[in-house]
Amino acid sequence: MPLDVVDLRAFYASPLGHVARRFIGRAMLRFWPDCSRQRVLGLGFSTPYLSVLGLGAERVLAFMPAAQGVVNWPSEGLSASALVEPTLLPLPTASVDRVVLVHALEETESPDDLLEEVGRVLSPGGRMIVVAPNRRGLWARMDGTPFGHGRPFSRSQLQALMRAAEFSPENWAEALYVPPLKRHLLMRSAPAWERAGAGLSLPFAGVHVIDATKQFYRRAPLRATRRSFAFRPILLPRPTPTQRAANPPGDGAAG
């Protein structure tokens, strides 16, 4: 069952949601410290992170999947959010510079089509941040958070998906080593969990955070060709023989 936008908003308003936003947002800012004069698109439920990444951007859009629902964002000023079909974005080709995917890749039925559509709207050399649940992490195994819904991914699966869509992963980080339990002691010790998990490269982080670049060119597949040296008959038109006269001239009998 797809996530509902009401549940997503309630999660990010909770203490556990604040922890997720803090550490995932910190990883994003390491990759994109400055988005000035950039056109930024968020797809999925990315508004908790667009509020930080979009500072100084030329334009920021928040597209939310139709199956999820939409909320008005930002709360002040003109709305920049819209309800869309993720694989048919209402944007021209090469119209944005950066895309943020949060609660999007794991919820779609076709991750390949989603990444292909993101590649279409990205300008050449544009960048994309993907946040996806880690198949080996605790957050993907417990449905008390949005990261426990949908399809989790391993690192190799994400690499294969992005390369097939002509994206080149440039930076990789893991976040949310703290168990997703609503315990006050765990919430207070979350920074220690993150430092220990990142320092020891532990495999059970809650999410992958990937910074990828759209390739400038598309590789042309090389196909092996076979040359056949067998002689082939050539059919030539055959002239039709003229009909001979019964008594050709000069052959008549003397009389």
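Which elements cover the buried residues of H7? Among what covers them are H2, strand S6 (167-175) and helix H6 (184-188), where helices (H or I, at least four residues) and strands (E, at least two) are DSSP runs numbered from the N terminus, and where contact means heavy atoms within 4.5 Å.

The model is predicted, so that local features need pLDDT of at least 70 and side-chain atom pairs count only at pLDDT 80 or more, while totals for chains, interfaces and linings use all residues. Residues are numbered from 1 along each chain as its sequence is written, and side-chain values use heavy atoms, with hydrogens and water left out.

The protein has seven helices and seven strands, and from the N terminus on its elements run α-α-β-α-β-β-β-α-β-α-β-α-α-β. Of its 255 residues, 45% are buried, a term that stands for under 20% relative accessible area, as against exposed for over 50% and partly exposed in between (1.4 Å probe, protein chains only). Among contacts with a separation of 6 or more, 70% link residues 24 or more positions apart.

Two helices can be set side by side, with the arc taken from the directions that lead from the helix axis to the C-beta atoms.

| Helix | Buried residues | Arc |
|---|---|---|
| H1 (residues 5-12) | Val-5, Leu-8, Phe-11 and Tyr-12 | 120 degrees |
| H7 (residues 190-200) | Ala-190, Glu-194 and Gly-197 | 75 degrees |

In H1 the buried residues are Val-5, Leu-8, Phe-11 and Tyr-12; because their arc around the axis is only 120 degrees, they lie on the same side of H1. What covers these residues includes helix H2 (15-31), helix H3 (47-53), strand S2 (59-65) and strand S4 (96-102). At the N-terminal end of H1, Asp-4 acts as a cap, with a side-chain oxygen 2.8 Å from the backbone nitrogen of Val-6.

The face of H7 turned away from its buried side carries the exposed residues Arg-195, Gly-199 and Leu-200. Just after H7, Ser-201 takes a positive phi of about 55 degrees.

Ser-81 is found in strand S3 (residues 81-84) and counts as buried because its relative accessibility is 18%. Its side chain forms a polar contact of 3.3 Å with the side chain of Ser-79, a polar contact being a pair of N or O atoms within 3.5 Å in which, within protein, one must be able to donate a hydrogen and the other to accept it, and residues adjacent in sequence count only if both atoms are side-chain atoms. The side chain of Ser-81 also reaches the backbone nitrogen of Trp-73 at 3.4 Å. Leaving aside residues up to four places away in sequence, Ser-81 touches Ala-62, Met-64, Val-70, Val-71, Asn-72 and Trp-73.
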